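Let's walk through this structure together, from its strands to its core. Please keep the 3D view open as you read.

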Amino acid sequence: GPPLFDHLMLSGGSTALPGWTVTGDGIDYISDWQAFDGTRSVDLDASPGLGGVRQTITTVPGTRYLLTFAMAGNPAGPPEPKMMRVFAGEHSALFTFDATGRTIGSMGWTRKSWEFVATGTSTTLAFSSADPYPGLNGPALDSVSVRALPFVVDSTVRSSAGAE
């Protein structure tokens, strides 16, 4: 019969995903499950393995940026929850998604956001599978965007929640 998933396996180092470089063990670029936007999205676990994607963008040092993306998880099997680590330069944060009960027709895409402060004139953004073992059914990623936040004069001291 037909394959369960129509997906393109991209190995580490691939630049077939426009604007991105594939990292780690690779990713699956999938078109037959419900994408957040458009027709394809990414499973950050390869077949099998722990992979990711990265892209370097131009930034202004000291400027706050808002990174937004859509997260779901490959519903075909464990682990639960799916775990994804997001990096902006030396900062990182862990995001999770529970795909229990989800299907390829109802992925449960969730919009996530994270702020970071640029430290240089370029910043490498990266998304990596943080699943506990190299599996087949990883965190799913779609619709990444970054925008500079307006400068706000604020005399209160804020902690950098989400950064590690």
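Before we look at the sheet, one term helps: two strands count as paired if DSSP finds at least two bridges between them. Please also bear in mind that this is a predicted model.

With that in hand, you can trace an open sheet of six strands, ordered 1-3-4-12-7-10, with antiparallel pairing. Strand 1 (7-10) and strand 10 (110-117) sit at the edges with a single partner strand each, so one side of each has no neighbour in the sheet. On average, neighbouring strands of this sheet are turned by 30 degrees against each other, direction ignored.

Now zoom out for a moment. The protein has 12 strands and zero helices. Of its 164 residues, 44% count as buried. Among contacts between residues at least 6 apart in sequence, 72% join residues at least 24 apart.

Back in the sheet, follow strand 7 (residues 64-73), which pairs with strand 12 (residues 139-148) in the antiparallel sense over eight bridges. Here Met71 stands opposite Leu141 of strand 12.

Next comes the interior. The largest nonpolar core holds 34 residues, and Leu17, Ile27, Leu67, Phe69, Met84, Val86 and Phe127 have the most contacts inside it. Which strand supplies the largest share of this core? That is strand 7, with six residues. Other strands that each supply at least two core residues include strand 3 (27-30), strand 8 (82-88) and strand 11 (122-129).

Finally, take a look around Phe69. Leaving aside residues up to four places away in sequence, Phe69 touches several residues, among them Met84, Val86, Phe127 and Leu141.

Technical notes. Residues are numbered from 1 along each chain as its sequence is written. This is a predicted model: local features need pLDDT of at least 70, side-chain atom pairs count only at pLDDT 80 or more; totals for chains, interfaces and linings use all residues. Side-chain values use heavy atoms; hydrogens and water are left out. Helices (H or I, at least four residues) and strands (E, at least two) are DSSP runs, numbered from the N terminus. Axes are lines fitted to C-alpha atoms, for helices over the stretch in contact, and angles run from 0 to 180 degrees between N-to-C directions. A nonpolar core is a set of buried Ala, Val, Leu, Ile, Met, Phe, Trp, Tyr and Cys residues joined through side-chain atoms within 4.5 Å. Buried means under 20% relative accessible area, exposed over 50%, partly exposed in between (1.4 Å probe, protein chains only). Contact means heavy atoms within 4.5 Å.
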